[in-house]
Amino acid sequence: MNWITNYVRPRINSLFSRREVPENLWTKCPECGTMLFHRELSDNLNVCTNCDHHLAITPRVRFEALFDGGIFSEVKVPEPITDPLHFKDQKRYPDRMKAAQKSTGEKEAMLVAEGEIGRTPIVAAAQDFTFMGGSMGMYVGNAIIAAAERAVKLKRPLVLFSAAGGARMQEGILSLMQMPRTTVAVQMLKEAGLPYIVVLTHPTTGGVTASYAMLGDVHIAEPNALICFAGPRVIEQTIREKLPEGFQRAEYLLDHGMLDRVTHRMKMRDELITILRMLMNLPPAVKGDLPAPEKALEEAVAEAAPEAEAKPKT
């Protein structure tokens, strides 16, 4: 009977046993509660297909959707001093960094890249809210400066996607110093006459809002993004009054003149292409397989030349 127990029964059980379901196949929308299949959510750039709520998206996924063909190259960012204050709360700061790096697969809270969008060369920077809340520390400051310097060197516009809870408390005053440093970096772009476009995503708060996130030539926000310095709960507890509906959300700020556009994530690429080419004094982007405007003009002139020569003079 041993061969039945040891061989036959396990084989039968393996044929009829329930297959294990992989994790993370479904995501619950925090706004409407709809269960979203991971592939459907990914195809829609992490936007809920039921209520259009914009979920968090990583910089790499954003860049793959932004750049032509999803092709881009990373810009190297100088490494800052690690744990300058030897900060420790419930965990040591280096341990928190290692945990964030392991969970996100990224080195830090900002990614800088260069490539083309609608055949327009740009430099782009994006914050990752999943990395310690996208908090602004010395690395993020270095990243923005590196992005601005690269844009000035190549004479390209800079597009920045903000998503942060503010300055990184584990770096103390050194994180707050990034506010004037990044402001100087933005000024470099303005002196070079290069466009600086900021796309504010949910959430953009604290020292990030008080510095580089609100210094753009054009400010675009994703729908319903929270954009503020102090959050609504802090304000309500301070002034002891109920705030208006939708206060500090993208649509509210658009109505009150603090934003230029509120654009759906799926339409963001086309919106940026139009604005960038306009600011860079370039002809409108050509869609489809049509030739570029310059080439089309050259072909039209070449075709018209023989006809002009053959036409009899009067």
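E74 is partly exposed in this predicted model. Its relative accessible area is 46%, which lies between the 20% limit for buried residues and the 50% limit for exposed ones. E74 belongs to strand β3. Leaving aside neighbours within four places in sequence, its contacts are R60, L111, V112 and A113. One of these, A113 in β4, stands opposite E74. The C-alpha atom of E74 is also separated by 9.7 Å from that of A125. Along the chain, E74 and A125 are 51 residues apart.

Strand β3 is part of an open sheet of 7 strands. The strand order is β3-β4-β5-β6-β7-β8-β9, and the pairing is mixed. Two strands stand at the edges: β3, residues 73–74, and β9, residues 261–262. Each has a single partner strand, so one side of each is left without a neighbour in the sheet.

The pairings can be followed from the β3 edge. Strands β3 and β4 run antiparallel and are joined by 2 bridges. Strands β4 and β5 also pair in the antiparallel sense, over 8 bridges. Within this pair, M110 has Q127 in β5 as its bridge partner. A hairpin is formed by β4 and β5, with 2 residues between the strands. G118 lies in the turn and has a positive phi of about 60°. Strands β5 and β6 run parallel, joined by 4 bridges. Here A126 is the bridge partner of F161 in β6. At the β9 edge, β8 (residues 218–221) and β9 pair in the parallel sense over 2 bridges. I220 stands opposite R261 in β9.

Burial was then examined along two of these strands. In β4, 7 of the 8 residues are buried, so β4 is largely enclosed by the rest of the structure. In β6, 7 of the 7 residues are buried, so this strand too is largely enclosed. The residues of β6 point in two directions. L158, L160, S162 and A164 point one way. V159, F161 and A163 point the other way. Both sets are buried.

Helix α3, residues 59–66, lies across five strands of the sheet. These are β3, β4 (110–117), β5 (120–127), β6 (158–164) and β7 (196–204). The helix runs at about 160° to β5.

Helix α4 covers residues 93–104. At 1.5 Å a residue, its 12 residues should span 16 Å. Its end C-alpha atoms are 17 Å apart, which agrees. The buried residues of α4 are Y93, P94, M97 and A100. They cover an arc of only 125° around the axis, which puts them on the same side of α4. An α-helix has 3.6 residues a turn, so residues three or four places apart point the same way. On the other side of α4, K98, K102 and S103 are exposed. Just after α4 comes G105, with a positive phi of about 75°.

Two further helices pack against each other: α5 (residues 138–154) and α7 (residues 178–191). Their axes are 9 Å apart and meet at an angle of about 10°. The two helices are therefore roughly parallel to each other, because angles under 35 degrees count as roughly parallel. From α5, the residues in contact are M138, G141, N142, I144, I145, A148, E149, A151 and V152. From α7, they are Q178, R181, T182, A185, M188 and L189.

Helix α11, residues 268–279, has 12 residues. From first C-alpha to last, α11 reaches 16 Å, close to the 16 Å expected at 1.5 Å a residue. Its buried residues include M268, E271, L272 and I273. I275, L276 and R277 are buried in α11 as well. N281 follows α11, and its phi is positive, near 60°.

For the protein as a whole, 12 helices and 9 strands were found. Buried residues make up 39% of its 314 residues. Contacts between residues at least 6 apart in sequence were also examined. Of these, 66% join residues at least 24 apart.

Notes
Residues are numbered from 1 along each chain as its sequence is written. This is a predicted model: local features need pLDDT of at least 70, side-chain atom pairs count only at pLDDT 80 or more; totals for chains, interfaces and linings use all residues. Side-chain values use heavy atoms; hydrogens and water are left out. Two strands pair if DSSP finds at least two bridges between them. Contact means heavy atoms within 4.5 Å. Axes are lines fitted to C-alpha atoms, for helices over the stretch in contact, and angles run from 0 to 180 degrees between N-to-C directions. The expected span of a helix is 1.5 Å times one less than its number of residues. Buried means under 20% relative accessible area, exposed over 50%, partly exposed in between (1.4 Å probe, protein chains only). The arc is that of the directions from the helix axis to the C-beta atoms. Angles under 35 degrees count as roughly parallel, over 145 as roughly antiparallel, 65 to 115 as roughly perpendicular and the rest as oblique.
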